[in-house]
Amino acid sequence: MPAPHSLTTEVKRVSIEDGVALVTLTRPRVMNAVNLQLRAEIIDFARELDADPSVAVVVITGEGDRAFCAGADLKERGQRSVQQLYDERRFFRSRWVNSVASMAKPTIAAINGYCLGGGFELALQCDLRIASDNATFSLPEVGLGFLPGAGGTQRLPRAVGLQKAKELIFTGRRFDAHEAERLGVVLRVVPQPELMAATMDLARSIARQPRMSLIQAKIALNASQETMLSGGLQAENEAWLPCLLSDAWKGQVAKFGGKGEERGEEQGKG
Ligand code: CO8
């Protein structure tokens, strides 16, 4: 395993250890709101960490205990003309709405405090979400004269069902971590001081799994949300086949006296 390293900018910090990249949004004075720079850096780090062989799992969180992310930086947006907002959206939309969701590697949001608007949509891009007991969720865009336009109208119904998503988006009401857990928005809720330890434990346990199996399993699981059953089963088969050639599988089958050919290298790299 390469030595741990980190990458810090004005708006985010990345540290990598034990196969887990921890990305922290570092704008706590504005509740980690997403300005243009942070949006561009999220798009970049998603691509870079996906290609980094020292990374198996990516965790995203917000600095401090008040907010994961309070959505778009409304102060910055307020300074921009309609033309600028239109041009930026045309350029960024397709990159932003799938930036984290399109990562091959598993991703986890560690949600501390407010998780609003575009911040909630960013969390919905992650494969797994763990919330601290002080987390508060809302998609308030309709009340702002907009609609959730960074994936919220598509990913929330997939998480909670269409009717509940309509209630939450039409009203924009805030709901707490325990309701988020009941609805299936988050996997589980932990006391605020334990959030990062619990999330990193989960991330490390996933990072110890064979890399190729994780990536192929994610492809097959995601296909279940995009296709009919027959298409999903086909995608599962296509995801299964490359695993047959992985070092991890060869090593496992050799342990049982099978025709694993040469033992795989270290498990976790297959
Ligand atoms: N953008 C910029 N600054 C913010 C944001 C934000 N989204 N949220 C909070 N801040 C700032 C506050 O202005 C304040 O700064 P300052 O001290 O300079 O006044 C600081 O963070 C602390 O905030 P508060 O003092 O308000 O702290 P509270 O604990 O009282 O409240 C809240 C925290 C509940 C998070 C409150 O700040 C709030 O409601 N924020 C706005 C949340 C919101 O509506 N987010 C946007 C969601 S919509 C979205 O993300 C999609 C964009 C759609 C628009 C598209 C336009 C083209």
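**Helix H9, a four-stranded sheet and a buried asparagine**

In helix H9, the buried residues (under 20% relative accessible area, 1.4 Å probe, protein chains only) are Arg 211, Leu 214, Gln 216, Lys 218, Ala 220 and Ala 223. This is a predicted model, in which local features need pLDDT of at least 70, side-chain atom pairs count only at pLDDT 80 or more, and totals for chains, interfaces and linings use all residues. Residues are numbered from 1 along each chain as its sequence is written, and side-chain values use heavy atoms, with hydrogens and water left out.

Those buried H9 residues pack (heavy atoms within 4.5 Å) against strand E6 (107-111), helix H8 (195-207) and helix H10 (229-243). Helices (H or I, at least four residues) and strands (E, at least two) are DSSP runs, numbered from the N terminus.

Then there's the sheet: four strands, open, in the order E5-E7-E9-E10, with mixed pairing (pairing takes at least two DSSP bridges between two strands). Its edges are strand E5 (67-69) and strand E10 (175-176), each paired on one side only. Strands E7 (residues 114-116) and E9 (residues 136-138) run parallel, joined by three bridges, and Tyr 114 sits opposite Thr 136 in E9.

As for Asn 32, its spot is the loop between strand E3 (20-25) and helix H1 (36-51). Asn 32 counts as buried because its relative accessibility is 0%. A polar atom of the Asn 32 side chain lies 2.9 Å from the backbone oxygen of Ala 67. Leaving aside residues up to four places away in sequence, Asn 32 touches several others, including Leu 25, Arg 27, Leu 38, Glu 63, Phe 68 and Cys 69.

How values were computed. Buried means under 20% relative accessible area, exposed over 50%, partly exposed in between (1.4 Å probe, protein chains only). A polar contact is a pair of N or O atoms within 3.5 Å; within protein, one must be able to donate a hydrogen and the other to accept it, and residues adjacent in sequence count only if both atoms are side-chain atoms.
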